[in-house]
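Let's take a walk through this fold, one piece at a time. Keep the viewer open and click along as we go.

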Amino acid sequence: MTQFHADRLLLFGATGDLARRKLLPSLCALDADGLLPESLAIIGTARSELDDAGFRDMARSALEEHLPAERRGGMADFLNRLRYQPLDASTLEGFDDLAAKVGPLGEGSDTGLAIFLSTAPSLFGPTIAGLQHAGLTGENVRMCLEKPLGDDLDSSRAINDAVAEAFPEDRIFRIDHYLGKETVQNLLALRFANILFEPIWNATYIDHVQITVAETVGLEGRVDFYDGAGALRDMVQNHMLQLLSLVAMEPPTGFGPTAIRDEKVKVLRALRPAKPGETVTGQYRAGAIGGQAVPGYDEELGRESDTETFVAIKAHVDNWRWKGVPFYLRTGKRLPERVTEILVQFRCVPHSIFDEAGAGGMVTTHPNDLLIGIQPEENITLTLMAKVPGLDEDGVSLREVPLEIAMPDAFVGQHRRIAYERLLLDLIKGDQTLFVRRDEVEAQWHWIDAIRAEWAASGLAPRTYTAGSWGPSAAIGLVERDGVSWHE
């Protein structure tokens with residue numbers, strides 16, 4: 001494996017929404033903190049007919065809109081890093097001009113080129129062919145792929161095969177921006193830097209796990225993509241299965257890309273195929289969120305569709321650690337609040353000494369739980385039982401008490417970074433730890449494809465739910481059959 005720091009970063013789709021909202025602001029913030037290599041040049045490319053000055057003007061507008069003022073220090077110096085070359089990636093014409101803009105790559109040197117490919121999946125193959133034609137796939141070039149990586153296992157393999165024609169696996173970086181979130185990374189610290197949790201992180205002590213990714217927004221400009229994907233492929237296949245694998249993985253041998261990704265893929269391969277009755281789908285109808293009326297999915301789309309905007313799944317990881325522990329996954333659009341969280345529900349104490357200690361001969365005890373908030377607030381809350389202060393002639397009164405770590409309060413003065421900051425910096429350095437390996441992607445698609453096949457065979461259609469609710473009532477029934485309630 002060739003190790004090098006990138007001294008050039010090539011952004012495909014450089015005038016698109018992702019570049020404007022996330023990539024350019026992240027790079028500018030890194031530059032302001034002195035984290036980018038001094039020599040790093042950033043070359044943007046897209047269909048738009050811009051020159052260097054025009055691209056810098058577009059970038060300045062994007063930074064002023066999407067990056068807080070206090071994080072724009074040295075913006076003029078950052079803009080001077082930017083260059084631009086227009087390109088139609090669907091043809092080979094223009095790739096030689098792009099290579100000239102990038103400049104010569106010294107094979108065997110300790111610097112090189114990092115490419116961030118944020119285009120439609122249909123352009124992945126032609127783009128790789130163009131890069132090969134222009135000599136931009138040598139040993140000092142690494143490739144980062146933005147999702148979606150296909151829409152099923154076969155199409156994902158086709159994309160990965162095309163990329164593998166030009167790049168070995170150790171130079172391919174498949175991005176899942178959830179892995180760049182601080183609290184997601186804190187899952188590893190929570191589990192493997194503290195002896196408190198790991199001995200009880202198993203089926204003996206954990207009753208179930210809930211993973212919720214709730215959005216208040218609807219289509220938000222993603223009409224064509226979302227209606228072809230739906231909630232299962234848009235959220236569960238990547239983000240939610242990555243969260244599940246981090247919760248369920250075995251302790252890796254070290255903090256490195258091979259060790260961590262080896263353990264994640266074991267979890268994904270141990271996922272039991274979901275049975276009929278273990279999934280619920282829904283599609284929102286008109287309602288209200290935060291007092292504001294919102295249209296239904298068909299109204300937003302402008303036509304009728306059977307695409308699911310909500311999915312809940314009861315999943316199982318069939319290995320010794322998790323045998324019998326359900327993982328409840330829930331995601332949807334137009335839900336009451338925007339929240340991503342993981343709830344680890346522990347079992348009840350095996351024998352309560354307080355059962356006959358309180359008024360009326362009974363004290364209610366509740367099992368402990370660990371709540372990991374990922375967004376919008378980053379926090380970790382462990383709920384314990386504690387005695388209520390005071391004198392009680394009838395016995396002991398207990399109440400649930402939270403022990404909470406609010407990350408912004410615990411690390412005052414530290415920037416709350418955009419997830420792409422971490423991932424772009426790792427791409428430049430060549431650290432694959434927080435990126436997804438090919439066998440992970442294929443294991444995820446294998447499980448998702450089986451669910452979709454079961455839906456097709458059973459004729460399952462999405463149930464309706466009112467925008468501003470927590471999805472169809474069947475999602476409540478999915479967990480209540482097991483004596484469980486969704487955390488809200």
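Helices and strands here are DSSP runs, numbered from the N terminus, with a helix taking at least four residues of H or I and a strand at least two of E. One thing to keep in mind throughout: this is a predicted model.

With that numbering in hand, start at P148, which sits in the loop between strand 5 and helix 6. The peptide bond joining K147 and P148 is cis, with omega at about 5°. There's another spot to look at for the same kind of bond: Q375 and P376 are also joined by a cis peptide, and omega is again about 5°. P376 belongs to the loop between strand 14 and strand 15.

Now go on from P148 to helix 6. This helix runs over residues 153–164, 12 residues in total, and spans 16 Å from its first C-alpha to its last, close to the 16 Å expected at 1.5 Å a residue. At its N-terminal end, D152 acts as the cap, with a side-chain oxygen 3.4 Å from the backbone nitrogen of D154.

Which residues of helix 6 are buried? They are L153, S156, I159, N160 and V163. These residues cover an arc of only 125° around the axis, so they end up on the same side of helix 6. The spacing fits a general rule: an α-helix has 3.6 residues a turn, so residues three or four places apart point the same way. The cover over that buried side includes helix 5 (124–133), strand 5 (141–145), strand 6 (172–174) and helix 13 (438–458).

Zoom in on N160, part of helix 6. Its relative accessible area is 1%, and buried means under 20%, so N160 counts as buried. What does the side chain of N160 join up with? It makes a polar contact of 2.9 Å with the side chain of R174. Leaving out neighbours within four places in sequence, N160 is in contact with R174, R438 and E442.

Next, the strands. Strand 1 covers residues 5–12, and 7 of its 8 residues are buried, so the rest of the structure largely encloses it. Strand 1 pairs with strand 4 (residues 111–117) in the parallel sense, over 7 bridges; there, L11 stands opposite F116. Strand 1 also runs parallel to strand 2 (residues 41–46), joined to it by 5 bridges, and in that pairing L10 has I43 as its bridge partner.

Further along the chain comes an open sheet of 9 strands with mixed pairing, in the order 16-15-14-13-7-12-11-8-17. Its edges are strand 16 (398–406) and strand 17 (463–466), each of which pairs on one side only. From one strand to the next, the twist averages 20°. Strands of a sheet pair through backbone hydrogen bonds, either parallel or antiparallel. For an antiparallel case, look at strand 7 (residues 206–214) and strand 13 (residues 339–346), which are joined by 8 bridges. In that pair, H208 has Q345 of strand 13 as its bridge partner. Helix 7 (residues 182–192) packs on the sheet, touching strand 13, strand 14 (369–375) and strand 15 (379–387), and its direction makes about 145° with that of strand 14.

While you're around strand 13, check the loop between strand 12 (326–332) and strand 13, where R334 lies. R334 has a positive phi of about 55° although it is not a glycine. Is R334 buried or exposed? At 10% relative accessibility, R334 counts as buried.

Last stop: S245, in helix 8 (residues 223–248). S245 is buried, at 0% relative accessibility. Its side chain reaches the backbone oxygen of Q242 at 2.8 Å. Setting aside residues up to four places away in sequence, S245 touches K264, V267 and L268. If you want a distance to check in the viewer, the C-alpha atoms of S245 and R261 are separated by 9.5 Å, and these residues are 16 apart along the chain.

Key: Residues are numbered from 1 along each chain as its sequence is written. This is a predicted model: local features need pLDDT of at least 70, side-chain atom pairs count only at pLDDT 80 or more; totals for chains, interfaces and linings use all residues. Side-chain values use heavy atoms; hydrogens and water are left out. Two strands pair if DSSP finds at least two bridges between them. Axes are lines fitted to C-alpha atoms, for helices over the stretch in contact, and angles run from 0 to 180 degrees between N-to-C directions. Contact means heavy atoms within 4.5 Å. The expected span of a helix is 1.5 Å times one less than its number of residues. Buried means under 20% relative accessible area, exposed over 50%, partly exposed in between (1.4 Å probe, protein chains only). The arc is that of the directions from the helix axis to the C-beta atoms. A polar contact is a pair of N or O atoms within 3.5 Å; within protein, one must be able to donate a hydrogen and the other to accept it, and residues adjacent in sequence count only if both atoms are side-chain atoms.
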